[in-house]
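User: I am new to reading protein structures and would like to learn how to look at single residues, helices and empty spaces. Could you take me through some features, one at a time?

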Amino acid sequence: MQRGHAPTTRRRIGASIAASALILAACQGGGGGDAGNYPEQEITIVVPFSAGGPTDTVTRLIADPMAADLDAEIVVQNVEGAGGTVAADQVANAEPDGYTVLMHHIGMSTAPTLYPELSYNPLEDFETVGLVTEVPMTIIGSPNFEPNTMEELIAYVTDNLDTVTYANAGIGAASQLCGLLFEEATGLDVTEVPYEGTGPAMDDLLGDQVDFMCDQTTNTTEPILSGDVKAYAVTTPERVASLPDIPTTEEEGLANMAVSVWHGLYVPADTPQEIVDALNAALVAALADENVISRLGELGTAPVAEDRATPDAHREQLQSQIDLWRPIIEAAGVTAG
Ligand code: MLT
């Protein structure tokens, strides 16, 4: 199994932090942050999965325009492990000063059920900054995997349960949730191969080292369109514009498999409101950026509408998704413990 890296990529540097010492005393915002002058140093956005995967792709796409809006440097740091919970724990325990930000996805809402001993509470230990995007998932197969359609996939997996493998990014990952829904819909219990992100999982899938996986269109659109992987279905109720030939799971007769991977930005609880507002304004600016819109469109998704890129809409989404997924995960009997 190939493991991910933890690279750190520097984004643009605009701000001078000269003279900040004189101003520091004037604008203390509480919670350890100098809210009035924020930002005065580089900001780190922590990504809970490997570089080169879908969460990383979305984060790096918005980092540039966010940095421009904030007039600050943004560093993207990949902190893999335990289906995204290592990164979330790190940010929950960071200084609430706006310099450590978490990009996370639907896994923030499934982790409290999947991890009975979770070290943080997603609702209490973070401030929500705003939603970013919602990404469809696809069920894809390796180039030399025998099945070519969903019907063939189900038949093949049924006949070869002892040998077939599917990749995911660990318990708490979107790929794991989607795989769980696939198993529930088909009644099949397939052998999982966990990675630290679907970026490295895709490498192994392309090399025929693992047979199939569920992954986001931000990672799968290009290999699907180039014919490098087989595509069996998209997990949205409607077909995806950038993949018009791929049927939906519903068209393929798979019940209750509709899932989109929503992403949002978080900072530690007690971060001053001025800082949350500054980050939110930068997020809104990034989501209106032409390059972001067009690249997300190529990858099968779009920025959320502006009224969803707010701390309140994000918090409501988080709460409602915790409530949505808890009974489904409990009924499936899956836990990390
Ligand atoms: C990733 O960025 O590698 C994925 O989002 C992992 C996942 O949740 O499946």
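User: Which helix holds Thr-217, and is Thr-217 buried or exposed?

Analyst: This is a predicted model, and what follows is computed from it. A residue counts as buried when its relative accessible area is under 20%. Thr-217 is found in helix 8, and because its relative accessible area is 0%, Thr-217 is buried.

User: Which residues does Thr-217 touch?

Analyst: Leaving aside residues up to four places away in sequence, Thr-217 touches Val-135, Pro-136, Thr-138, Leu-243, Leu-299 and Gly-300.

User: How should I read burial for a whole helix, and why is helix 7 described as largely enclosed?

Analyst: One useful idea about helices is that an α-helix has 3.6 residues a turn, so residues three or four places apart point the same way. For a whole helix, we can ask which of the residues are buried. In helix 7, which spans residues 198-206, seven of the nine residues are buried, so this helix is largely enclosed by the rest of the structure. The buried residues are Thr-198, Gly-199, Pro-200, Ala-201, Met-202, Asp-204 and Leu-205. Among the elements that cover them are helix 2, strand 5, strand 6, helix 6, strand 8 and helix 8. Just after helix 7 comes Asp-208, which takes a positive phi of about 60°.

User: How many cavities of 30 Å³ or more are there, and which residues lie nearest the centre of the largest cavity?

Analyst: A cavity is a space that a 1.4 Å probe fits into but cannot leave. The count here is one cavity of 30 Å³ or more, and the largest cavity holds about 80 Å³ of space. Its lining is made of 15 residues, and those nearest the centre are Phe-49, Pro-54, Thr-55, Thr-198 and Gln-216. Helix 2, helix 6 and strand 8 each supply at least two lining residues, with helix 2 giving the most, namely three. Sorted by class, the lining of this cavity has five nonpolar, eight polar and two charged residues.

User: What lines the largest pocket, and which helix gives the largest share of its lining?

Analyst: A pocket, by contrast with a cavity, is an open set of points. The largest pocket contains about 240 Å³ of space, and of the 17 residues that line it, Leu-181, Asn-256, Ala-258, Trp-325 and Ile-328 are the closest to its centre. Helix 6, strand 10 and helix 11 each supply at least two residues of this lining, and the largest share, five residues, comes from helix 11. By class, the pocket lining has eleven nonpolar, four polar and two charged residues.

Key
Residues are numbered from 1 along each chain as its sequence is written. This is a predicted model: local features need pLDDT of at least 70, side-chain atom pairs count only at pLDDT 80 or more; totals for chains, interfaces and linings use all residues. Side-chain values use heavy atoms; hydrogens and water are left out. On a 1 Å grid over the protein atoms alone, a cavity is a set of points where a 1.4 Å probe fits but cannot get out, and a pocket is an open set with protein on both sides within 12 Å along at least five of seven lines; lining residues have an atom within 4 Å of a point. Grid points are joined across faces, edges and corners, and a volume is the space filled by probe spheres set on the points. Helices (H or I, at least four residues) and strands (E, at least two) are DSSP runs, numbered from the N terminus. Ala, Val, Leu, Ile, Met, Phe, Trp, Tyr, Cys and Pro count as nonpolar, Asp, Glu, Lys and Arg as charged, and the others, Gly among them, as polar. Buried means under 20% relative accessible area, exposed over 50%, partly exposed in between (1.4 Å probe, protein chains only). Contact means heavy atoms within 4.5 Å.
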